[in-house]
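Hi everyone, thanks for making room for me today. I'd like to walk you through the charges and the surface of one model, so let me put it up on the screen.

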Amino acid sequence: MIKPYWKTKSHVIIFILMILAHVFWTTAFIVDSVAYMQDPASADPEAPARITTLIVVIAVLVSFIVDIIFFSDLFRYIRLKRRTSQNIKSNVEIYAEGAGKEDADKEAKKMLRMSEVIADVTTENQNTIGAEFDCPQESIKRPSLKATLVTMIYAIGLPLLAIFAMFFVGIFLFFFMIDSAHPLDGLRNATSLLVLVILIFVVAMTIIMIAQRVRLKKRTPKAAGIRIYPEYLEQYVVSYKEAMMETRYKVNYDNMKRMQTKNFYIIKGKVNNQTAAITILKKELPAEALELIESRYLNAKEAKKAQKEAKKKEKKN
């Protein structure tokens, strides 16, 4: 269960920063207005801007960035609040044995806080004997940077592009409002800032990936692999703290999407607005297992198509 918004320290800090940023912008604007009334700006277009005007521009930019952070945080909270209140089974499950439930609860809270992943914690083990294939995969224990990057692009590539596009439009409009007579300058400035943001994002993601690899070396999972069931595919990772804990990522064939490369077979599926992604290193999976997954995917796709056509016929009749 998510804490109320105003009882979470991080949310309160972000809200206070947003208020302070707007106070800064308003104060800078008032000071600049007073300075302008006392000494109107020069008619010379090449004259340097008043220092108070430059402070206003900086204050507006700071306020804009803080507003993005605040509203992103607020929408993230609202989205998670809705998802956790719907009582829908997740596509991520943490199975724990005995005393391990406490560790599983902590892991679920951490996944929610760090990655917005909702995980169902259970102590009732599923019947893994029902799996048609149970294929260990060493690559899951220590995923390569290439596999992580390809999976991330496939899983969240479009939402990420949308965020960058909105950022670009917002920055361009900001520069356009400051100087509407030179839109090309605004376009160049917005492009430069977008490139800077993308570079910062790439560097941040690289640091996070390296940190995760260092963390995995210190606490390598005991086992990991892929299980193939008649209705869904599952990736599992087994770790031990006080007791055994197994994290499972599930994708049903009927809402599955997939992408193939020379080395990887990447799968994703969405449940309750949560995307679960599974990356399979082809050389670690038997050919017949991969063929079975592909066959199940194509059959589910055809069944879904037939269902849609049947509904269309019903509406016409």
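Let's begin at Glu-102. Is this residue buried or exposed? Glu-102 has a relative accessible area of 54%, and since exposed means over 50%, it counts as exposed. Please keep in mind as we go that this is a predicted model.

Glu-102 has a salt-bridge partner, Lys-106, and their side chains meet at 3.9 Å, N to O. Where do the two sit relative to each other? Both are in helix H3, residues 100-115, and because they are four residues apart there, about one helical turn separates them.

That is one pair out of a longer list: the count comes to eleven salt bridges. Next, please find Glu-93 and Lys-250, whose side chains form a salt bridge at 3.7 Å, N to O. This pair links distant parts of the chain, with Glu-93 in strand E1, residues 92-96, and Lys-250 in strand E6, 157 residues apart. Are these two buried or exposed? Glu-93 has 11% relative accessibility, so it counts as buried. Lys-250, at 18%, is buried as well, because the cut-off for buried is under 20%.

Stay with strand E6, which covers residues 244-252, and look at Arg-248. Its relative accessible area is 1%, so Arg-248 is buried. What does its side chain meet? The answer is Glu-246, in a salt bridge with an N to O distance of 2.6 Å. The contact between these two side chains is also listed as a polar contact, at 2.6 Å. Arg-248 and Glu-246 are both buried. And here is where things join up: salt bridges with shared partners connect Glu-93, Asp-134, Arg-227, Glu-234, Glu-246, Arg-248 and Lys-250 into one network. That network takes in Glu-93 and Lys-250, the pair I showed you a moment ago.

Now a quick stop at another polar side chain, Gln-274, in strand E9, residues 274-281. Gln-274 has 5% relative accessibility and therefore counts as buried. Which backbone atom does its side chain reach? It is the backbone nitrogen of Ile-118, at 2.5 Å.

Let's turn to the surface, starting with positive charge. Nine names to highlight, if you're following along on your own screen: Lys-257, Lys-270, Lys-304, Lys-308, Lys-311, Lys-312, Lys-313, Lys-315 and Lys-316 gather in a patch of positive charge. Which element gives the most to that patch? Helix H7, residues 287-316, does, with seven residues. Take Lys-311 as an example from helix H7. Its relative accessibility is 51%, and because the exposed class starts over 50%, Lys-311 counts as exposed.

The surface also has a nonpolar patch, of about 520 Å². Phe-24, Ile-51, Leu-54, Ile-55, Ile-58 and Val-62 make it up. Here the main contributor is helix H2, residues 51-85, which gives the most to the patch, with five residues. Ile-58 is one of the patch residues, and its place is in helix H2.

To wrap up, I'd keep three places marked on the screen. One is the salt-bridge network that includes Arg-248 and Glu-246. Another is the positive patch, to which helix H7 gives the most. The last is the nonpolar patch, where helix H2 gives the most. Thanks, everyone, and I'm happy to rotate the view for anybody who wants another look.

Notes
Residues are numbered from 1 along each chain as its sequence is written. This is a predicted model: local features need pLDDT of at least 70, side-chain atom pairs count only at pLDDT 80 or more; totals for chains, interfaces and linings use all residues. Side-chain values use heavy atoms; hydrogens and water are left out. Patches are made of residues with over 30% relative accessible area and no salt bridge: like charges are joined within 9 Å, nonpolar side chains (Val, Leu, Ile, Met, Phe, Trp, Tyr) within 5 Å. Accessible areas come from the Shrake-Rupley method with a 1.4 Å probe; for residues, only the protein chains shown count as cover. A salt bridge is a side-chain nitrogen of Lys or Arg within 4 Å of a carboxyl oxygen of Asp or Glu. Lys and Arg count as positive and Asp and Glu as negative; His and the chain ends are not counted. The place of a charge is taken as NZ of Lys, CZ of Arg, CG of Asp or CD of Glu. Buried means under 20% relative accessible area, exposed over 50%, partly exposed in between (1.4 Å probe, protein chains only). A polar contact is a pair of N or O atoms within 3.5 Å; within protein, one must be able to donate a hydrogen and the other to accept it, and residues adjacent in sequence count only if both atoms are side-chain atoms.
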